[in-house]
Amino acid sequence: MSFTEARNYLADRGYEDRIQEFDISSATVELAAIAVGTAPERIAKSLTFMVDEHPVMILCAGDAKVHNAKYKSFFHKKAKMLTPDEVHNLIGHDIGGVCPFGIKDGVDVYLDNSLKRFDIVYPACGSANSAVSLNLDELEQLSASIDWIDVCKLPE
């Protein structure tokens, strides 16, 4: 169901031709990179958190990790990731296919600056065997993101 929601969301905006479905899993950054045929850091992973009883999604580069001090400085809360059940119920997609397309109302979406290194990135498309190819302007527009933020760190 969530692939259908994401696909319909993107199709309604003229991006259906960018969606890729795979015969193999793309449920993790590493698997998605293999399926897409790109570097893992170009996979736009979706991390979900609870902030003041409100779901928040942060899209960041595949090689980035949340920097706890930056996160706390921005959100004024310690990072608390959603459980798989919470992701399903509050976001509308299951782990492995979480993306900002076709999600439930009330989810605040942010894009992390770690993505700004790339011209094209590949977020999931609602299932554990899909992705969509987007440039950063398209990702910003289609994700209905609130803003670009800096809450992640890159590997050294």
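Where is I24 found? I24 sits in the loop between β1 (19-21) and α2. Keep in mind that this is a predicted model. Here's a quick tour of the sheet, a nonpolar patch on the surface, one buried valine and the salt bridges.

**The sheet and its helix**
- The open sheet is built from 6 strands, and they line up as β8-β6-β2-β3-β5-β9 with mixed pairing.
- At the edges you'll find β8 (134-135) and β9 (147-149); each has a single partner strand, so one side of each has no neighbour in the sheet.
- Helix α2 (residues 29-36) packs on this sheet, where it touches β2 and β6 (120-123). The direction of α2 makes about 150° with that of β2.
- Strands β2 (residues 43-51) and β3 (residues 54-61) run antiparallel and are joined by 8 bridges.
- For a handle on the register, look at A44, which stands opposite A61 in β3.
- As background, strands of a sheet pair through backbone hydrogen bonds, either parallel or antiparallel.

**The nonpolar surface patch**
- I24, L31 and I34 together make a nonpolar patch of about 280 Å² on the surface.
- I24 has a relative accessibility of 45%, so it counts as partly exposed, since that class lies between the 20% and 50% cut-offs.

**V109, a buried valine**
- V109 belongs to strand β5 (residues 108-112).
- Its relative accessible area is just 2%, so V109 is buried; the cut-off for that is under 20%.
- Setting aside neighbours within four places in sequence, V109 is in contact with M57, L59, P100, I103, S143, S145, I146 and D147.
- V109 and V56 are 53 residues apart along the chain, but their C-alpha atoms are separated by 6.0 Å.

**Salt bridges**
- The count comes to 6 salt bridges, and three of them are picked out below. In general, side chains of opposite charge can pair when their charged atoms come close.
- R42 pairs with D119, and the closest N and O atoms are 3.1 Å apart. This one links distant parts of the chain: R42 is in the loop between α2 and β2, D119 is in the loop between β5 and β6, and the two are 77 residues apart.
- R42 is partly exposed, at 25% relative accessible area, whereas D119 is exposed, at 52%.
- D52 pairs with K77, again with the closest N and O atoms 3.1 Å apart. D52 lies in the loop between β2 and β3, and K77 in the loop between α3 (68-75) and α4 (84-91), so this pair ties together parts that are 25 residues apart in sequence.
- D52 is exposed, with a relative accessible area of 53%, while K77 is partly exposed, with 35%.
- D150 pairs with K70, with 3.1 Å between the closest N and O atoms. D150 lies in the loop between β9 and β10 (152-153) and K70 in helix α3, so parts that are 80 residues apart in sequence get tied together.
- Both ends of this pair are partly exposed: D150 has a relative accessible area of 41%, and K70 comes in at 29%.

Notes: Residues are numbered from 1 along each chain as its sequence is written. This is a predicted model: local features need pLDDT of at least 70, side-chain atom pairs count only at pLDDT 80 or more; totals for chains, interfaces and linings use all residues. Side-chain values use heavy atoms; hydrogens and water are left out. Two strands pair if DSSP finds at least two bridges between them. Helices (H or I, at least four residues) and strands (E, at least two) are DSSP runs, numbered from the N terminus. Contact means heavy atoms within 4.5 Å. Axes are lines fitted to C-alpha atoms, for helices over the stretch in contact, and angles run from 0 to 180 degrees between N-to-C directions. Patches are made of residues with over 30% relative accessible area and no salt bridge: like charges are joined within 9 Å, nonpolar side chains (Val, Leu, Ile, Met, Phe, Trp, Tyr) within 5 Å. Accessible areas come from the Shrake-Rupley method with a 1.4 Å probe; for residues, only the protein chains shown count as cover. A salt bridge is a side-chain nitrogen of Lys or Arg within 4 Å of a carboxyl oxygen of Asp or Glu. Buried means under 20% relative accessible area, exposed over 50%, partly exposed in between (1.4 Å probe, protein chains only).
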